[in-house]
Amino acid sequence: MKLKNISTAILASLLGVVAMAQEKKNNHDQEINALIKKMTVEEKVGQMAQITLDVIGKGNDRYTSFEPLQLDQEEMKKALGDYHIGSVLNTANNRALSKEKWFDIIKEIQDFSIDKTRLGIPNIYGVDEIHGATYTAGATMFPQQIAQGAARNPELTKRGAEITAYETRASNIPWSFSPVLDLGMDPRFSRMWESFGEDPYLCTVLGVAAIDGYEGEDNDISDPTKVAVSLKHFLGYHATISGKDRTPSYIPEDALREYHLPAFKAAIEAGAHTIMINSGIINGVPVHANYELLTKLLKEELGFEGLVVTDWADIENLHRRDRIAATDKEAIMLAINAGIDMSMIPYNYEVFCDGLIALVKEGKVKEARLDDAVRRILKVKYALGLFENPNTNHKNYPEFGSKKHEQASYDMAAEAITLLKNENNILPLKKGTKVLVTGPNANSMRTLNGAWTYSWQGEKTPEFAEQYNTILEAVQQINGEENTVFVEGVSYKMDGSYYEEEKNDFDKAIEAAKGVDVIFLCLGENTYTEKPGDLNDLYISDDQTALALKLAETGKPVVLILNEGRPRIISKFERQTSAIVQTYLPGNFGGDALADILFGEVNPSGKLPYTYPRYPNATIPYIHKPSEEQKKAEGVYNYEADYNPQFRFGFGLSYTTFEYSNLKLSAETIKKGADVEVSVEVENTGKRTGKEVVELYTSDKYASSVTPDVKRLRRFQKIELKPGERKTVKFVLHPKDMSYFGQNGKEILEAGAFEVIINDLVKEFNVTQ
């Protein structure tokens with residue numbers, strides 16, 4: 001029977017049944033309220049505590065565990081039983097486990113939590129699964145988020161998140177601390193590569209796509225192939241003044257709302273279940289103690305009803321690092337009253353639990369605040385289906401690490417890798433060309449993946465990724481070992497800090513270059529994240545620079561292959577290169593995708609997700625004010641500003657050419673509050689099929705309150721065109737795209753002139769009252 005033939009009454013009845021079933025499935029308020037009424041203060045506090053796995057692993061102390069990992073029953077009894085701890089995170093010994101081991105470990109935790117505690121509340125286990133099931137051996141590792149920003153393909157980002165969720169659940173883990181929605185706006189920052197890029201709209205679109213992949217478009221995380229996400233890191237985490245991790249930021253209200261808030265707002269509207277808080281300090285106040293941000297903005301204004309979790313040890317840091325609290329107990333009071341629901345402790349849980357219990361008894365933290373926090377925690381546990389199905393068994397996930405999943409990783413890498421320079425169309429090369437592959441990143445799976453890969457800093461990657469191809473191995477496969485010479489020239493000290501390196505057969509590499517046709521110079525960075533990744537010099541290292549200059553002196557064409565988490569400056573030798581390819585951190589299949597691009601099997605289509613600076617003191621992002629690129633002034637005083645990036649945001653070449661034409665607007669004059677329809681024609685004028693990212697920018701010619709940005713990305717769409725094929729791409733601009741935030745944090749939409757910019761085409765329209 002077709003739906004249109006069903007009577008109105010029957011249809012209403014059917015829809016009512018479906019609605020009630022859905023409500024019953026998603027709404028557990030009665031069970032949660034009943035459970036909270038049964039709980040003691042101690043049990044409530046325990047639900048708000050999260051410890052790291054090593055605490056309950058057998059070992060000499062709380063910081064390490066014996067191998068192979070086994071849980072310590074006495075420590076389990078104390079933490080999960082006596083202290084009622086409701087959440088565990090991370091891996092043990094900073095090392096990936098097999099999916100079979102994950103199942104056994106988490107099942108043992110769940111069995112204890114359910115069977116050996118008074119109320120039988122299941123545990124919620126969380127891990128940083130930021131580009132795949134990070135800590136599971138054999139899982140599919142995708143390109144890091146910065147590379148996904150370069151791919152500009154929301155469907156690929158969504159698919160990658162779907163696969164990551166599937167393989168995370170195959171590991172019996174229901175909660176992922178991902179995606180990162182911070183802006184990658186500062187090339188000095190050690191976590192820039194964990195972002196989708198420097199643009200708020202780009203981060204918003206890809207962030208929502210990731211959530212739809214992780215949680216499903218209906219956010220039904222009881223689905224055993226989905227996980228609960230944790231948005232990171234609310235708010236403004238990457239905007240530090242120093243460029244170093246977890247250092248102060250100064251962000252005025254208009255900038256906070258204009259740039260840093262949009263992606264989080266959209267993600268909350270997309271149904272994200274949990275959120276993690278910025279470890280840093282904004283305007284002198286640690287975010288973990290900021291009631292205005294955590295309660296007034298996040299929970300009340302944005303209406304976030306999910307779980308708010310700290311970052312690693314950040315309640316302790318209010319006392320020991322930020323010195324906003326004289327004692328640990330005072331730090332706990334500040335954080336919980338500010339709006340924190342769960343504390344990632346991670347080791348000395350007694351301090352948090354005992355302190356919070358005392359604060360409640362003293363009336364310094366109201367029990368109603370605990371009830372609110374516990375309600376949010378239990379909502380996530382119920383939403384995940386943990387009360388009915390506390391474990392997910394790897395045996396029910398036959399696609400784990402499958403060829404299909406690996407293909408998705410390859411596809412993302414192939415669309416992310418960005419061609420930045422190609423003099424005389426030296427690329428693609430013919431197979432069989434005699435090449436030298438050199439540089440510290442030439443033969444390393446560790447550097448292809450970056451940190452958060454099998455271990456925190458990525459240093460254990462070689463133990464788990466031998467079966468995949470490094471850049472060298474991928475080139476050898478496609479070009480033939482007999483045509484591929486390898487001399488490293490410079491190498492990283494793999495047991496040292498990320499920036500430690502040394503010359504290794506340096507002169508031999510220069511000599512080898514004389515006997516080949518083309519040099520593949522693989523430079524960049526070793527792996528790092530967070531504080532260990534702080535830097536003092538944005539230039540690429542001295543040894544790598546010396547290698548580049550010496551190789552260029554041979555007269556052989558140099559193809560510079562960059563493999564880095566942030567744009568390290570290359571202006572000292574960029575002019576001596578014939579081609580530049582940016583791979584970012586492309587994952588386990590990045591070497592294969594790169595080789596296919598170098599030899600023409602794949603046409604590159606990546607676009608820079610950030611501005612690539614030319615000099616260390618010229619790190620202005622593409623979103624900037626007119627004064628930062630003003631023309632030379634008349635008269636005696638020269639106030640000229642030099643905006644001179646090495647490569648601009650959105651730049652990326654192809655092996656074919658695209659021509660833009662016929663930019664049209666639905667109207668050249670619109671009333672304030674109306675939409676504008678935009679269309680443009682794009683034609684492939686070259687000889688190869690290629691993908692092109694069509695980007696629409698707007699420019700507010702004049703604003704009355706805050707000086708406008710030079711331009712802003714408002715829409716993008718990736719299309720594929722055959723040679724000679726032409727497509728019309730359409731966009732719709734909404735009033736919000738013409739508005740901005742004033743100094744008081746209020747959104748302003750003014751009448752006036754605006755420009756639409758697509759490629760080199762510009763059209764002006766006017767907004768009237």
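**Exercise 1. Where does Asn759 lie, and between which strands?**

Some ground rules before the solution. This is a predicted model, in which local features need pLDDT of at least 70, side-chain atom pairs count only at pLDDT 80 or more, and totals for chains, interfaces and linings use all residues. Residues are numbered from 1 along each chain as its sequence is written, and side-chain values use heavy atoms, with hydrogens and water left out.

Step 1. Find the two strands: β27 covers 752–758 and β28 covers 761–768. Strands (E, at least two residues) and helices (H or I, at least four) are DSSP runs, numbered from the N terminus.

Step 2. Asn759 sits in the loop between β27 and β28.

Step 3. Look at the backbone: phi of Asn759 is near 60 degrees, a positive value in a residue other than glycine. Most residues other than glycine have a negative phi.

Step 4. Check the cover. Asn759 has 47% relative accessibility, so it counts as partly exposed. The scale goes like this: buried is under 20% relative accessible area, exposed is over 50%, and partly exposed is in between (1.4 Å probe, protein chains only).

**Exercise 2. Work out whether Asn90 is buried or exposed, and describe its setting**.

Step 1. Locate Asn90: its loop runs between β2 (87–89) and α5 (99–115).

Step 2. Read its phi, which is positive at about 75 degrees although Asn90 is not a glycine.

Step 3. With 17% relative accessibility, Asn90 counts as buried.

**Exercise 3. Describe the cis peptide bonds that end at Leu235 and Pro346**.

Step 1. Go from Phe234 to Leu235: that peptide bond is cis, with omega near 15 degrees. Leu235 belongs to the loop between β5 (228–234) and α9 (253–260).

Step 2. Now take Ile345 and Pro346, also joined by a cis peptide bond, where omega is about -10 degrees. Pro346 is in the loop between β10 (343–344) and α14.

Step 3. For background, most peptide bonds are trans.

**Exercise 4. Describe how α13 packs with α14**.

Step 1. Mark the helices: α13 is residues 328–338 and α14 is residues 349–361.

Step 2. Their axes are 9 Å apart and the packing angle is about 70 degrees. Axes here are lines fitted to C-alpha atoms, for helices over the stretch in contact, and angles run from 0 to 180 degrees between N-to-C directions.

Step 3. That makes α13 roughly perpendicular to α14. The cut-offs are under 35 degrees for roughly parallel, over 145 for roughly antiparallel, 65 to 115 for roughly perpendicular, and oblique for the rest.

Step 4. List who meets whom: Asp328, Lys329, Ile332, Met333 and Ile336 from α13 meet Val351, Phe352, Gly355, Leu356, Ala358 and Leu359 from α14. Contact means heavy atoms within 4.5 Å.

Step 5. Sort them by class, and you get eight nonpolar, one polar and two charged residues. Ala, Val, Leu, Ile, Met, Phe, Trp, Tyr, Cys and Pro count as nonpolar, Asp, Glu, Lys and Arg as charged, and the others, Gly among them, as polar.

**Exercise 5. Describe the surroundings of Arg714, Ala465 and Tyr639**.

Step 1. Start with Arg714 in strand β23 (residues 712–721). Arg714 is buried, at 11% relative accessible area. Leaving aside neighbours within four places in sequence, its contacts are Tyr201, Leu696, Tyr697, Thr698, Leu733, Asp737 and Ser739.

Step 2. Move to Ala465, in the loop between α18 (461–464) and α19 (471–479). Ala465 is buried too, at 1% relative accessibility. With neighbours within four places in sequence left aside, Ala465 touches Met445, Tyr454 and Asn588.

Step 3. Finish with Tyr639, found in the loop between α22 (590–598) and β19 (658–665). Tyr639 is exposed, with a relative accessible area of 54%. Again leaving aside neighbours within four places in sequence, Tyr639 is in contact with Gln630 and Ala633.

**Exercise 6. Sum up the protein as a whole: how many helices and strands are there?**

Step 1. Count the elements: 22 helices and 28 strands.

Step 2. The radius of gyration is 27 Å, close to the 27 Å that the globule rule gives for 769 residues, so the protein is as compact as a globular protein of that length. This radius is taken over C-alpha atoms, and the rule is 2.2 Å times the number of residues to the power 0.38.

Step 3. Add the burial: 62% of the 769 residues are buried.
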